[in-house]
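Me: I am new to reading protein models and would like to work through one with you. Could we take it step by step, with a reason behind each answer?

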Amino acid sequence: MLGLLLRVLPFWVREPLLIVVGAVFGARITYLAVHDQDRVAAVIGAVFLVFTAIRVRVVVRALRARRNPVPAASADGAPTDAVARAWAQAQLAAPAPAPAGAGLPPGPVTAGKEPNPWGQAVAAVAVFAAIAAAVWLGPDVLPADNDTSTSRAASCSDTEDEELPAVYGKAPRPVTGAELCEALNRPDLARLLGTPTETATSASGTSNTAALTDGKVAQPEAEVRFDTYTVNLSATYNELSTAQYVNLLKIAGTEGEKDLRTLTVLGRPALLSSDPTMKIEISLGDEGSSGPVQQGPLARTLSVALDSKDRGGSYDITVWSESGALPDDGVLLGIAEKILPTIPLRSVR
């Protein structure tokens, strides 16, 4: 079917089409080959690019032949092979003149206007450039129906009916746990974590208040669980800035234990730190006994100030796993850059 279509299309439509398709697929495959270090894909991409270069050369020769429709002659009067072939291609692309007097009224005959090769080429490139853009951007923009990396098995709907504490009705209004859950439970969260084949097993959000504040400081949080990692997103609306928190850790002498790293995220002061999670064992037997609180696996947290001026409060993104393995810090940065801009602006001071 494709071969028949290419034979039917005019020369000045077919060749730009082949050039666009070859260039897009060649560049895309070569890019993926370099990114994934795949030698086979690199060879395929090179083949597409070579094919495109050949088609470009054919079009250039045809354009030159159209400017000089009479083939140049050799010393003995015969046209040279190269020029004759280019001239023949140009003649095949041009429409054949109608026989004299065939269905025409008497009188002078006006020659039909020859199709503009540049117009045909531009039209073909415009149409198939849109198709090429869809092919290039499709995996990143359009979620696939059967792709588990863009599916959300868990829903945040069970957090919508939660009764909010009084502090959530004050201005500036804090973000709620349900809103944080919607921001965190993204279709591409598993891919951002480096586990694209996993789906969320649970997603929840709660609109809490900070401890020892008598309900005056909002501290909502959301959590999404996967088989490998668990991600927690929380917001704290206190007066403690990121710079002050770093100074407190340095005074306490715990910066080495927490593996601190200061940086800037989305133009705001940020801090990376590590802390162990808490592990509580509860027995459901007849006696209902429980064990002591123990340290769980290590968790890595990225704290980002609520605003660029660091006037207090922060968003905290924490990742941990039951095995104790942690993703690279770049994973937390990628999650923050995707999630924080989607949180309602009314939550920012």
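Me: Is Asp-188 buried or exposed?
Reply: Keep in mind that this is a predicted model. Asp-188 has a relative accessible area of 11%. Buried means under 20%, so with its 11% Asp-188 is buried.

Me: Which residue meets the side chain of Asp-188 in a salt bridge?
Reply: Look for a nitrogen and an oxygen within 4 Å of each other. Here the N to O distance is 3.5 Å. The partner has 46% relative accessibility and counts as partly exposed. That partner of Asp-188 is Arg-191.

Me: How many salt bridges does the count come to?
Reply: The pair of Asp-188 and Arg-191 is one of them. Another is the pair of Asp-259 and Arg-300, at 3.6 Å from N to O. By the 4 Å rule, the count comes to 9 salt bridges.

Me: How many residues apart in sequence are the parts that Asp-259 and Arg-300 tie together?
Reply: The side chains of these two residues meet in a salt bridge. Asp-259 lies in the loop between H9 and E4, while Arg-300 is in strand E6, so the pair ties together parts of the chain whose separation in sequence is 41 residues.

Me: Is Arg-300 buried or exposed, and what is its relative accessible area?
Reply: Its partner Asp-259 counts as partly exposed, at 45% relative accessibility. For Arg-300, the label is buried, because its value is under the 20% cut-off. The relative accessible area of Arg-300 is 4%.

Me: Which residue in helix H10 forms a salt bridge with Arg-300?
Reply: The closest N and O atoms of this pair are 3.0 Å apart. The pair links distant parts of the chain, helix H10 (residues 329-339) and strand E6, 29 residues apart. The residue in helix H10 is Asp-329.

Me: Which residues are linked with Arg-300 in a network of salt bridges?
Reply: We have already met two partners of Arg-300: Asp-259 and Asp-329. The network also includes an arginine, Arg-261. So, as the salt-bridge rule asks for a nitrogen of Lys or Arg and an oxygen of Asp or Glu, the network has both kinds of residue. Linked with Arg-300 are Asp-259, Arg-261 and Asp-329.

Me: What is the phi of Asp-259, given that it is not a glycine?
Reply: Asp-259 sits in the loop between helix H9 (255-258) and strand E4 (261-265). Its phi is positive although Asp-259 is not a glycine. The value is about 55 degrees.

Me: Where is Leu-212, which has a positive phi of about 60 degrees?
Reply: Leu-212 is not a glycine either, yet its phi is positive. With a relative accessible area of 90%, Leu-212 is exposed. Its place is in the loop between strand E1 (202-209) and E2.

Me: Which cysteine forms a disulfide with Cys-156?
Reply: A disulfide is a covalent bond between the sulfur atoms of two cysteines. Here the two sulfur atoms are 2.0 Å apart, and the count comes to 1 disulfide. Cys-156 lies in the loop between helix H5 (117-141) and helix H6 (177-184), and its partner lies in helix H6, 25 residues apart. That partner is Cys-181.

Me: Is Cys-181 buried or exposed?
Reply: At the other end of the link, Cys-156 is buried, with a relative accessible area of 2%. Cys-181 has 0% relative accessibility. That is under 20%, so Cys-181 counts as buried.

Me: Which residues form a nonpolar patch on the surface?
Reply: Together they have about 310 Å² of accessible area. One of them lies in helix H8 (residues 242-252) and is exposed, with a relative accessible area of 73%. The patch is formed by Leu-240, Leu-248 and Ile-251.

Me: What is the volume of the largest pocket?
Reply: The lining has 23 residues, and those nearest the centre include Ser-234, Thr-301 and Asp-316. Strands E2, E3, E5, E6 and E7, along with H8, each supply at least two lining residues. The volume of the largest pocket is about 450 Å³.

How values were computed
Residues numbered from 1 in each chain as written. Predicted model: local features only at pLDDT ≥ 70, side-chain atom pairs only at ≥ 80, totals over all residues. Heavy atoms only, no water. Disulfide = S-S within 2.5 Å. Helix = DSSP H or I, 4+ residues; strand = E, 2+ residues; numbered from the N terminus. Buried < 20%, exposed > 50% of the residue type's maximum accessible area, 1.4 Å probe, protein only. Patch = residues over 30% accessible without salt bridge, like charges linked within 9 Å, V, L, I, M, F, W, Y side chains within 5 Å. Areas by Shrake-Rupley, 256 points an atom, 1.4 Å probe, with all protein chains shown as cover. 1 Å grid on protein atoms, 1.4 Å probe; cavity = no way out; pocket = protein on both sides within 12 Å on 5 of 7 lines; lining within 4 Å. Points joined across faces, edges and corners; volume = space filled by probe spheres on them.
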